[in-house]
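Grab the model and let's work through its aromatic rings. Each exercise comes with a solution you can follow step by step.

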Amino acid sequence: MARLADVLERVNSVIGNTLCWAALGMLLLQFVIVLLRYVFGYSFIFLDEGVLYFHAAIFMIGAGYTFLVNAHVRVDIFYAKASERAQAWIDVFGHLFLLTPALLVLLWFSWPTVRGSWAILEGPISVGGIPASFLLKTLIPAYCVLLLMQGTAALIRDIARLKDTPA
């Protein structure tokens with residue numbers, strides 16, 4: 001099981017490290033947009049949408065990596081003062097009864113929209129924009145799958161932690 005967790009975490013690790021470059025790409029694109037608009041007086045909708053696509057990809061695809069490196073938002077009402085075993089139980093509960101069901105519901109209800117968007121190769125959000133809204137919508141199920149993968153890896157690790165920690 002630990003090998004499965006390693007493989008799942010490796011996927012999110014590679015994706016997270018790759019997205020660092022996407023953040024740089026978004027920064028450079030925004031710089032070009034500002035330069036074109038305020039120095040040369042030109043504006044292009046597809047460039048503005050490019051920043052939107054970068055931003056959406058970084059946050060949606062990077063959620064699994066954020067969970068991997070424990071940089072996600074955590075409500076520490078009880079967790080911070082709990083023992084390691086109690087923390088593992090809280091994490092197991094959260095994975096099984098909060099994270100997984102929420103992601104499965106999101107995946108289930110978003111899938112028809114994504115499928116329909118791909119069926120017609122849905123065009124730009126705005127006139128003159130990037131003709132690939134279907135790619136943007138695909139980020140929703142990708143987000144769910146990557147976060148479910150990381151949640152599964154974390155669940156495996158938490159169960160192992162429960163077995164290794166004395167009662």
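## Aromatic ring exercises

W118 comes out as partly exposed, at 39% relative accessibility. Keep in mind that this is a predicted model.

**Exercise 1.** Classify the geometry of the W118 and F134 ring pair, and work out which parts of the chain the pair ties together.

*Solution.*
- Start with the distance: the ring centres of W118 and F134 sit 4.6 Å apart, and the cut-off for a pair is within 6.5 Å.
- Next, the angle: the planes are at 70 degrees, so this pair is edge-to-face.
- Now place the residues: W118 is in helix α4 and F134 is in helix α5 (residues 133-164), so the contact ties together parts 16 residues apart in sequence.
- Last, check burial for F134: its relative accessible area is 11%, so it's buried, because buried means under 20%.

**Exercise 2.** Do the same for F93 and F97: find their geometry, their helix and their exposure.

*Solution.*
- A search of the whole structure turns up four aromatic pairs. One of them joins F93 and F97, at 5.2 Å centre to centre with 35 degrees between the planes, which makes it tilted.
- Both residues belong to helix α4 (residues 84-119), and they're four residues apart, about one turn of the helix.
- F93 has 46% relative accessibility, so call it partly exposed.
- F97 has a relative accessible area of 53%, so it's exposed; the cut-off there is over 50%.

**Exercise 3.** Which residues do ring pairs link into a cluster?

*Solution.*
- Follow the ring pairs and you get a cluster made of Y42, F44 and F46.

Definitions and conventions:
Residues are numbered from 1 along each chain as its sequence is written. This is a predicted model: local features need pLDDT of at least 70, side-chain atom pairs count only at pLDDT 80 or more; totals for chains, interfaces and linings use all residues. Side-chain values use heavy atoms; hydrogens and water are left out. Rings of Phe, Tyr and Trp (its six-membered ring) pair if their centres lie within 6.5 Å; planes under 30 degrees apart count as stacked, over 60 as edge-to-face and the rest as tilted. Helices (H or I, at least four residues) and strands (E, at least two) are DSSP runs, numbered from the N terminus. Buried means under 20% relative accessible area, exposed over 50%, partly exposed in between (1.4 Å probe, protein chains only).
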